[in-house]
Amino acid sequence: VQLGSELGLRASTPRPGQGGVGSGRQNLSLEFSEPLQQHRGQLALDVEMIPAIAGFDPREHLRINRDNPRQIEAKVNLQPDTDYVLLVLWAQGVSGAELDDVIEIPFSTRERFLGGSIGGSIALSDGSTAKGEVTLGNLRDQKRVGEVNIRRDGSFEFKNVPPGVYGVYLTLELSDGRSVRSFLDGDGDGDPDELTLKADGNISDLAIAVSVPALPTQPAPGTGGNNADAVLAFDFGSAIGNDGLNTGQITAGEVFSVGVYASGVTNLIGYEVVVAYDAEKVALKSVQEQTSAEGANILKKDGGLGAFIGRIGSGKATLTAVILGPSEKVAPDGEGLLGVLQFEALNALTGETELKIQSAVLTDVSSISDSLSSTSKGLISGVELTTVLGLTIEPSIINANGTDNATVTCQVLDIGGVLQSGDNSTVVTFAASGGSLSATTATAVNGVATATISSGTAGTITVTASTTGAVDQTAKVVAQATSTDVSTGPAGPIALDLDLTQGDQETRRSATTPSVGDVVEVDLVAVSGALDAVGVNVVLSFDSSALSFKGFAATDIFNGGLPITVPGSGSVQISLALLGTSATKDAGSIGTVSFTVGSGFSGSTSVVLTSAEYGTSSGTQTLDIGSGGATVLFGGGAASGPSPDLNGDGSVGFPDFLIFAQAFGQSKGDAGYVAAADLNSDGNIGFPDFLVFAQAFGQPVSSKIGRLSKPIGF
């Protein structure tokens, strides 16, 4: 029976237990009994997909259907022969009504959903009727996959459960008002029993006996429980753990994260912390259990299976978490992460604004809860912009030989963009993602601060300039490969590949050396992150004397897209947009870029991916390009044919002639046969080889005659 104060889920696509759902790009939708609340574009919703779908973040990608405000939907890329569970953990409607239960929606891209069932009964030691909820947790993935209410007769059942290994957890409400948490532990080892459910399997005879604990000893008047002295703190640091940075220097428009930490906890099994913030200064984008930057949640510290709900409210964030089936074995002590808040600084952010702990309740394994009155604050200091920086790097391409330099020029401007030519005191700090800077700080002279940069490794280098009162500025310089060098390191999210087969085959150097007038092609590939993109924008750099841009054709992921190319001097900008649709794959080929080899080609040249962006429905995503896929090299390989430089001194001269003369007339297998002197590779050293040698005599091996690309016949 749905109460009037409850939010209901009326329909979903796919339906619970539905099989035969198509793989590839499919529509996912949820229809509630009323529209959901929104806080600066963020839905009051917590949804999780098991297993996770690459490129799909429910918090970011679920959007309201314009024709039906009660429905939210998104496009997802489903894998074939896969079972999925969509978990709706929490939602809040415009009336303030909240979803009463966790709702699971299992479905499959197999011909039919091979779900089974898990059920049983619960008996309390005092003979009372069990009331409360039963939670099903996947023990392999450490995720909860379902929650049902206990029936009036003390029984429960989970239907449409995918095959897997599960544990059963209980949250019981006793007649005296206490809440007791337990789990199925028939062998008494203190760990949840593992229930292995096969496809279409049925586990229906679980009998769970729960001992009703004696009333806990309440703290004496004036004292608290185990966590009364716990300390909460905010951390703006980006490293795992609490860095102790409770102040963040933030500029308008910046997205930043704040960790919420607790220390001095004892046998913690759950908490609810409410953080207040000024919604006129910052916008809360997400409330997360944990992140890769901050590390794991405190409730997972000792192997507990935690359930977390993050809620976004008007001017407040709520972090609620609990260990399912807690015991002293898994209840953590010490310090750890309670959650991560992600904000965006609004244009109104000036001066300072604070994050405050509005309320906090910490519960220990004895079910004693402590309400903390915390004075901890996180100070967000809005950086007042007094200066604007203008950053350029010339030339934009250098050779990756460690000696070629590019000049980094940073202009100091006022807010109106006027050069401060009388400024001889502003100190500018430079930092680079690679290469070697001549200086990391420079004092402006007549409003201009400079440095130089070089690199011994091929790839794209990002230089950042910063100073007090200004937003950091970045610019890029390309270190192009020389000789046989190619870029090293990770590749993606977008990369260059010389194998035109769809996707990234990681071919960064050509197998042959092209000639003047030849057309060479580069496969522009998405290594990751392309799913749901509506467009892409890249800039390629190259030596304009060796290559000239010829054309671009969209393929694979962006096949049918509308391209616009803007050639420049030694560069080309390629913009590609899909009309009325979006990319349905996360990785693959984007398009083929063709170049004509020019007269300035001297054995090797490179093409470098200088910058790249994905266009999405929510805006432009600027990508950090991995150095391993940023450069491709045409030519530059070791000589594939014989060389008349028989003594290897770099030129073809008289010493080589003496060696050749001694080997003349010999055949393969003869004692005097010198393979290097067999310049036409016919197995004999004769007059045809002499003609080739004579042409090369007196030449350096770097010339076309001195270093042969293939054997020459008579």
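**Close-up 1. Glu-104 and a backbone nitrogen.** A polar atom of the Glu-104 side chain lies 3.4 Å from the backbone nitrogen of Glu-147. The model shown here and in the other views is predicted. Glu-104 belongs to strand S11, which covers residues 103–108. Its C-alpha atom is 5.5 Å from that of Gly-146, although 42 residues separate the two along the chain. Setting aside residues up to four places away in sequence, Glu-104 touches Val-145, Gly-146, Glu-147 and Val-148. Val-85, Leu-86, Leu-87 and Phe-158 are also touched by Glu-104.

**Close-up 2. Gln-37 in a loop.** Gln-37 sits in the loop between strand S3 (24–32) and strand S4 (38–39). Is this residue, Gln-37, buried or exposed? Gln-37 counts as buried, because its relative accessibility is 18% and the cut-off for buried is under 20%. The Gln-37 side chain reaches the backbone oxygen of Gly-93 at 3.0 Å. Gly-96 is 59 residues from Gln-37 in sequence, yet their C-alpha atoms are 7.9 Å apart. Beyond neighbours within four places in sequence, the contacts of Gln-37 include Gln-92, Gly-93, Val-94 and Gly-96. Gln-42, Leu-43 and Ala-44 are also in contact with Gln-37.

**Close-up 3. Ser-155 at the start of a strand.** Strand S15 runs over residues 155–161 and holds Ser-155. Ser-155 is buried, at 12% relative accessibility. Its side chain makes a polar contact of 2.6 Å with the side chain of Asp-153. Which residues more than four places away in sequence does Ser-155 touch? They are Gly-120, Ser-121 and Ile-150.

**Close-up 4. Val-282 and its contacts.** Val-282 lies in strand S24, residues 282–288. Val-282 is buried, with a relative accessible area of 1%. Leaving out neighbours within four places in sequence, Val-282 is in contact with Phe-343, Glu-344, Ala-345 and Leu-346. Phe-256, Tyr-277 and Ile-380 are contacts of Val-282 as well. From Val-282 to Gln-342, the C-alpha distance is 9.9 Å, across 60 residues of sequence.

**Close-up 5. Thr-320 and Glu-272.** The side chains of Thr-320 and Glu-272 are joined by a polar contact of 2.9 Å. Thr-320 is part of strand S26, residues 316–323. Not counting residues up to four places away in sequence, Thr-320 touches Tyr-271 and Glu-272. Thr-320 also touches Ala-307, Phe-308 and Ile-309.

**Close-up 6. Helices H2 and H3.** Helix H2 (residues 654–663) and helix H3 (residues 687–696) have axes that come within 12 Å and cross at roughly 180°. H2 is therefore roughly antiparallel to H3. Asp-656, Phe-657 and Phe-660 make the contact from H2, and Asp-689, Phe-690 and Phe-693 make it from H3. By class, this contact of H2 with H3 has 4 nonpolar, 2 charged and no polar residues.

**Close-up 7. The buried face of H3.** Asp-689, Val-692, Phe-693 and Ala-696 are buried in H3. Viewed down the axis of H3, these buried residues fall within an arc of 100°, so they line one face of the helix. H2 is included in what covers the buried residues of H3. Gly-698 follows H3 and has a positive phi, near 85°.

Definitions and conventions: Residues are numbered from 1 along each chain as its sequence is written. This is a predicted model: local features need pLDDT of at least 70, side-chain atom pairs count only at pLDDT 80 or more; totals for chains, interfaces and linings use all residues. Side-chain values use heavy atoms; hydrogens and water are left out. Helices (H or I, at least four residues) and strands (E, at least two) are DSSP runs, numbered from the N terminus. Buried means under 20% relative accessible area, exposed over 50%, partly exposed in between (1.4 Å probe, protein chains only). A polar contact is a pair of N or O atoms within 3.5 Å; within protein, one must be able to donate a hydrogen and the other to accept it, and residues adjacent in sequence count only if both atoms are side-chain atoms. Contact means heavy atoms within 4.5 Å. Axes are lines fitted to C-alpha atoms, for helices over the stretch in contact, and angles run from 0 to 180 degrees between N-to-C directions. Angles under 35 degrees count as roughly parallel, over 145 as roughly antiparallel, 65 to 115 as roughly perpendicular and the rest as oblique. Ala, Val, Leu, Ile, Met, Phe, Trp, Tyr, Cys and Pro count as nonpolar, Asp, Glu, Lys and Arg as charged, and the others, Gly among them, as polar. The arc is that of the directions from the helix axis to the C-beta atoms.
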